Structure formats: C-alpha cells, structure tokens
Amino acid sequence: MPELPEAETIRRQLAPKIVGQIITNAWAKLPRRTLPSIEEFTQRAQGQRIIAAARRGKQLYFPLENGDHLLVHLGMTGRLAAEKSTLTLTSAPRHVQAALTLSGGDQLVFRDPRTFGSIGVSRELPFLQTLGPEPLDDDFDVNAIARKLKSRNTKIKTALLDQSLIAGLGNIYADEACFEARIHPAQIASTISIRKLQTLCETLKPLLQRAIAARGATLKDKGYEDIFGQHGKFIPHVYGQTGEPCENCGTIIQRGVLGAGKSARSYHFCPKCQKLI
DNA sequence: CGATTCCCCTGATAGC
DNA sequence: TGCTATCAGGGGAATC
C-alpha cells in the first residue's frame, strides 16, 4: 500500500526520468478513474512538458508547462514506471490503466490491478487545501497536532488515518507510530494524555524518514514496488506481523479490527507494550 | 461540524 | 484438485 514514504520514493525515482520531458502521447482506460474524463485527460496532457515532480501526502502531482498538472494517486495497488515501451490502449496488458509517451523515448506507465488509484489532469490542486500538514515539513507543529488529536472522540488509529488531520499516513505507518509511542491503536484519542500524543507526533518524522531511506515497505514480498520493480526494505514492527514476537518484549503481535463491514480497517499491536487504558 | 457507514474493485486466500 | 465466497483497503459520498 503506497503511503507517504512509498509515494515519496516513487517521486524521487521518477523525477530525473520525466522532468523536462514532453508528453507526446497519452491514453487512459478507466473513465471513472481518469479526471476529468479520458478525452480531456488525453487532450490536455499531450504536448505538455513536465516541469516538476511533486507530492502532497500520498498524492503525486506533476506541474505542466501551461499551468495544468498531471495528477496520480496510487490508491492501494497503483504503480508507476518509466519504461522503454510503446504500449497502446489495445496492446497493453490488463493492469495497465494509462500510459504517457515521453519525448525522450520512455513511456510513463500507470498500472493498477484493483483500480483504487486515479490519474488525471487538473489546473487546480484542491487537495492542497484539504490535506493536513506534512509530517516531514520543517514547520510541522507537533504540539498543534497533538492538541487536535486530543479533541477527537474516535480511536487514535482512525484519527491518524484522517488525511485532513495529518497527510500521508496509511495502515502501515499509523500502526507503526502507535507501536513506537506505546499507544493501543483502538484507544480513544481524547483519553490519551497530551504528553503521549506529543510523543506520538514526534515519532512521525523519524519513522517516515527511515521508511523513505528503505524505499518504503513491501509486506511479505508482495504488493508495493518502486519504479524499478524493487521491493521496499522497510520492515514494520507490528503491521503485518500478527503471530510474530514483539521486538521489544517478545509478546505475540495481535491483530484487531476498527469499524465494521465494508469499512473495516485492521490494526496490529503488541498487547503488552500497547495497553488499552 | 464530527463520526460512521457504504461503496468502488479484483487478487489472494480460506473454505468446502 | 478446483470452484466459490470472503476479505482487504484509500478516499469520497452519503448518512446520522
């Protein structure tokens, strides 16, 4: 699952390959996942030079020369790569949802088996307004975020997943942050001491920096790959470690569920290090 | 406004 | 073995 560190890894790897290139051809496959429409995406992308590779939270965006932006959200299973290929709408394998031919000879290919990702062209960047602060920014205000968490009457992991509160955390890093701060993921946020919430927020930056240095996380050698098809080397302490001993105390890591039905999200924790108070 | 639930989709896995 | 049912999960819309 691409979260902030995985998206950032892809941004960094892609930048030298695509910035400065002109999009000479573009196509996309899924109308519901292509903005504003396949026709407009194709028309507005073609002929434009990519002038930067940027990211906000999990959202990737690539400013174009005319003021538009190419947008890519990887969702759950989205991947990006710059390849020496000439895939067309009709010749591309099933999982390729879009491809942009670049002037330098590469093709920017967007794959997404489960189609929770999206691609598009847009002048405006509304997510810049709706996403919360970037944990890696120098001005990320730990105390301000801790106070906001303190006001939430929902489970702490649910709050951490709220992109309008903090940008970029998903299942993996929300669980990891809770583990490092010794907080039970199902603890109601408002019942946690401000001191602990501060510790939790202080954990985020180094955690995400370590994950980026490892090029993200690939669970059980499955799922996320960087643009070279390589697995991330970040190994979570708790996420996906159900049944394994806690690195801190040896207690078996457990799995729990937040919410019910189709909106359920799992969490992973050490029952000894992360006690429900 | 804040919190919760539903829904999109399909590869992987569990169950029979 | 092989088929079928269930699950997972980011984010936005709808609901309460």
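How many nonpolar, polar and charged residues does the surface near DNA strand B have? By class, there are 2 nonpolar, 5 polar and 7 charged residues.

A note before the views: this is a predicted model, in which local features need pLDDT of at least 70 and side-chain atom pairs count only at pLDDT 80 or more, while totals for chains, interfaces and linings use all residues. Residues are numbered from 1 along each chain as its sequence is written, chains are lettered from A and ligands numbered from 1 in the order in which they are written, and side-chain values use heavy atoms, with hydrogens and water left out.

**View 1. The surroundings of DNA strand B.** Here 14 residues surround DNA strand B, and the closest are Thr115, Arg152, Asn153, Thr154 and Lys222. A residue is near a molecule or strand if one of its heavy atoms lies within 4 Å of it. In the class count, Ala, Val, Leu, Ile, Met, Phe, Trp, Tyr, Cys and Pro are nonpolar, Asp, Glu, Lys and Arg are charged, and the others, Gly among them, are polar. Of the strand B atoms within 4 Å of the protein, 52% belong to sugar or phosphate and the rest to bases. Look for the polar contacts (pairs of N or O atoms within 3.5 Å; within protein, one must be able to donate a hydrogen and the other to accept it, and residues adjacent in sequence count only if both atoms are side-chain atoms). The side chain of His95 has an N or O atom 3.1 Å from a phosphate oxygen of DNA strand B. For Arg152 that distance to a phosphate oxygen is 3.2 Å, and for a polar side-chain atom of Arg94 it is 3.4 Å.

**View 2. The surroundings of DNA strand C.** This strand has 14 residues around it, the closest being His73, Met76, Tyr239, Arg255 and Arg265. The residues of this surface divide into 4 nonpolar, 5 polar and 5 charged. Sugar or phosphate accounts for 49% of the strand C atoms within 4 Å of the protein, and bases for the rest. Two side chains to pick out here are Arg255, with an N or O atom 2.4 Å from a phosphate oxygen of DNA strand C, and His73, with one 2.5 Å from a phosphate oxygen. Asn171 goes to another part of the backbone: a polar atom of its side chain lies 3.3 Å from a sugar or linking oxygen of DNA strand C.

**View 3. An aromatic pair, Tyr173 and Phe234.** The rings sit 5.5 Å apart, centre to centre, with 50° between the planes, so the pair counts as tilted. Rings of Phe, Tyr and Trp (its six-membered ring) pair if their centres lie within 6.5 Å; planes under 30 degrees apart are stacked, over 60 edge-to-face, and the rest tilted. By this rule the count comes to 3 aromatic pairs. Tyr173 belongs to helix α6 (residues 171-181) and Phe234 to the loop between α7 (194-213) and β10 (254-258), so the pair ties together parts that are 61 residues apart in sequence. Helices (H or I, at least four residues) and strands (E, at least two) are DSSP runs, numbered from the N terminus. Both Tyr173 and Phe234 are buried, where buried means under 20% relative accessible area, exposed over 50%, and partly exposed in between (1.4 Å probe, protein chains only).

**View 4. Arg182 and the ring of Phe179.** Arg182 lies over the face of Phe179, at 4.8 Å from the ring centre. That label needs NZ of Lys or CZ of Arg within 6 Å of the ring centre and within 35 degrees of the ring normal. Arg182 is in the loop between α6 and α7, and at 28% relative accessibility it counts as partly exposed. Its phi is near 60°, a positive value in a residue other than glycine.

**View 5. Cysteines without a disulfide.** A search of the whole structure finds 0 disulfides, a disulfide being a pair of cysteine sulfur atoms within 2.5 Å. Cys178 has its nearest cysteine sulfur, that of Cys201, 11 Å away. Cys178 is buried, at 0% relative accessibility. For Cys249 the nearest cysteine sulfur is that of Cys270, at 3.6 Å, and Cys249 is partly exposed at 30%.

**View 6. The cis peptide bond at Pro36.** A cis peptide bond joins Leu35 and Pro36, with omega about -10°. Pro36 is in the loop between β2 (34-35) and α2 (38-45).
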